[in-house]
Amino acid sequence: MTIVVQKFGGTSVESYEKMQQVCKIVKDYKEKGIDLVVVVSAMGRKGAPYATDTLINLCKEANDNPSKRELDLIMSCGEIISGTILANMLKGYGIDAVFLTGSQAGIYTDGKFSDSRIVDIKPERIYKELSEGKVVIVAGFQGSTESGEITTLGRGGSDTSAVAIGKALECENVEIYTDVDGIMTADPRVEPEAKVLNYINYEEVFQMADKGAKVIHPRAVEIAKSGSITLNIKNTLNPSYPGTKISGMCPKFEVNKEENTLKTMTAVAHKNGIAQVKVKSREDIFTEIMNEIEENEISLDMINFFIEEKAFVIDNEKVNALTKILTNHNLDYKIKEDCAKVTLIGSKMTGIPGVMAKIVRALSKEKINLLQTSDSNMTISCLVEEKDMKKAVHAIHEEFKLN
């Protein structure tokens with residue numbers, strides 16, 4: 001039995017017209033004798049009638065501070081709606097299909113509402129339906145605890161559902177369908193010269209997702225890597241295009257003929273809506289404050305800690321909570337909101353001299369203020385003002401000839 005797991009995102013199931021295209025893709029695979037498990041997201045994006053954000057707002061209009069348990073229940077409805085519609089549409093095409101909620105599909109979670117982790121998948125029901133010749137449609141983004149509580153997996157959770165199911169079924173490939181031809185060297189809405197990558201490895205795409213690129217959820221990448229699953233990112237409206245393959249195999253690096261150098265940089269990612277924080281504090285005092293920061297679920301990034309000053313960034317939405325903590329401790333601090341992080345990613349960056357120098361030159365040429373930097377063995381992140389984000393992405397993309 002050859003099983004392929006396909007995941008269709010919100011834009012792929014946002015209308016009957018888009019779902020018809022999904023049905024054509026499914027029909028094509030079924031005619032080749034392939035057994036399919038189709039994981040679906042909720043219909044559309046923010047503003048659409050059955051999108052996740054719309055469902056959340058229904059609760060928040062009734063209560064500004066709704067319980068996470070009830071929020072998970074209403075959020076889980078989005079995928080149930082799209083899944084049941086798609087199942088019935090496939091039957092109209094003469095394809096036998098069955099829809100399963102996350103719980104019915106055997107997806108068990110750790111019980112943390114709104115951000116659960118999958119702890120186990122018992123795929124017996126999926127195997128049973130497949131053995132009867134059915135296309136199995138599964139609600140992404142959700143599962144249940146052993147005691148039956150419905151929980152959701154956080155933003156991008158449908159990717160995680162699909163890859164986790166693929167691993168449980170011992171699939172070699174999982175296909176992720178979206179509204180672009182594949183993973184690109186930058187967000188095409190920001191960088192018009194961005195191009196589709198034919199190949200990217202697990203580590204690079206994980207860094208892209210972690211640094212703000214809306215390509216695939218980092219947890220899904222981790223699961224794919226642990227199961228040696230090749231991910232294929234494809235376009236629902238252009239399914240014949242090969243898209244982008246994600247795996248652990250080493251690609252053949254491209255040589256830049258003009259400069260006779262190895263092209264080792266892969267992409268530029270960006271993230272808006274962050275704030276730079278600088279705090280004057282001794283190490284012993286700040287250690288105590290870190291406990292409060294953790295308790296308030298404030299995530300720190302781009303961390304530069306010195307003896308007398310600590311510098312880091314947080315999401316804008318956490319500024320009020322952090323301000324309260326710092327004020328209560330009578331600390332001297334400065335917060336600069338409306339910043340953006342722009343990150344250059346390349347798995348072979350380590351040991352290559354002059355990368356930071358090229359970034360600084362590129363930003364300086366565009367008169368962009370560099371507020372802060374951080375780096376790892378395969379990333380260099382630059383903090384800039386949000387108004388300069390597009391220029392910064394373009395400058396770095398152009399400097400490293402990613403187009």
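Buried here means that a residue has under 20% relative accessible area, and exposed means over 50%, with partly exposed in between. Please keep in mind throughout that this is a predicted model.

**Figure 1. Ala209 in helix α6.** Our opening close-up centres on Ala209, a residue of helix α6. Ala209 has 13% relative accessibility and therefore counts as buried, since the cut-off is 20%. Leaving aside neighbours within four places in sequence, Ala209 is in contact with Val215, Ile216 and Pro218. His270 is 61 residues away from Ala209 in sequence, yet the two C-alpha atoms are 9.6 Å apart in space. Step back to the whole helix, and α6 (residues 202-210) lies across three strands, β15 (267-280), β18 (332-345) and β20. Its direction makes an angle of about 145° with β18.

**Figure 2. An open sheet of 6 strands.** Follow the strands across this sheet and you will meet them in the order β16-β17-β15-β18-β20-β19, with antiparallel pairing. The edges are taken by β16 (301-305) and β19 (372-375); each has a single partner strand, so one side of each is left without a neighbour in the sheet. On average, neighbouring strands here are turned by 30° against each other, direction ignored.

**Figure 3. The β16-β17 hairpin.** Here we look at one edge of that sheet, where a hairpin of 3 residues joins β16 to β17. The two strands pair in the antiparallel sense over 3 bridges, with β17 covering residues 309-315. Two of the partnerships can be picked out by name: Asp301 has Val313 in β17 as its bridge partner, while Phe305 has Lys310. Met302 is also found in β16. With 2% relative accessibility, Met302 counts as buried. Its backbone deserves a look too, as Met302 has a positive phi of about 50° although it is not a glycine. For background, most residues other than glycine have a negative phi.

**Figure 4. Glu385 in strand β20.** Strand β20 spans residues 379-385, and Glu385 belongs to it. You might wonder about a glutamate here: is Glu385 buried or exposed? Its relative accessibility is 19%, so Glu385 counts as buried under the 20% cut-off. Beyond four places in sequence, its contacts are Lys336, Asp338, Cys339, Ala340, Asn369 and Leu371.

**Figure 5. Asn330, in the loop before β18.** This view shows the loop between α9 (319-328) and β18, where Asn330 lies. Asn330 counts as exposed because its relative accessibility is 73%. Its phi is near 55°, a positive value in a residue other than glycine.

**Figure 6. Three parallel strands, β1, β9 and β11.** Strand β1 (residues 3-8) runs parallel to strand β9 (residues 173-178), and 4 bridges join them. Within this pair, Lys7 stands opposite Ile176 in β9. Strand β9 also runs parallel to β11 (residues 230-235), to which 6 bridges join it. There, Thr178 stands opposite Asn235 in β11.

**Figure 7. Val5 and the nonpolar cores.** The largest nonpolar core has 40 residues, and those with the most contacts inside it are Val5, Val37, Ile126 and Ile165. Not counting residues up to four places away in sequence, Val5 touches a list of partners that includes Val37, Val39, Ala162, Ile165, Leu169 and Val174. Apart from this core lies another, of 25 residues, with Val13, Met43, Ala97 and Val135 among them. As a general rule, nonpolar side chains tend to be buried together in soluble globular proteins.

**Figure 8. Helix α3 from end to end.** Helix α3 has 25 residues, 68-92, and reaches 37 Å from its first C-alpha to its last. That is close to the 36 Å expected at 1.5 Å a residue. Gly94 follows α3 and has a positive phi, near 80°.

**Figure 9. Lys401, after helix α11.** Lys401 is found in the segment after α11 (389-399). At 30% relative accessibility, Lys401 counts as partly exposed. Met265 is 136 residues apart from Lys401 in sequence, with 8.8 Å between their C-alpha atoms.

**Figure 10. Confidence along the chain.** The protein chain has a mean pLDDT of 91, and 95% of its residues reach 70 or more. Where does pLDDT stay under 50? This happens over residues 252-262, for which the model has 16 contacts beyond four places in sequence.

Methods
Residues are numbered from 1 along each chain as its sequence is written. Side-chain values use heavy atoms; hydrogens and water are left out. Buried means under 20% relative accessible area, exposed over 50%, partly exposed in between (1.4 Å probe, protein chains only). Contact means heavy atoms within 4.5 Å. Two strands pair if DSSP finds at least two bridges between them. Axes are lines fitted to C-alpha atoms, for helices over the stretch in contact, and angles run from 0 to 180 degrees between N-to-C directions. A nonpolar core is a set of buried Ala, Val, Leu, Ile, Met, Phe, Trp, Tyr and Cys residues joined through side-chain atoms within 4.5 Å. The expected span of a helix is 1.5 Å times one less than its number of residues. pLDDT is the predictor's confidence in each residue, from 0 to 100.
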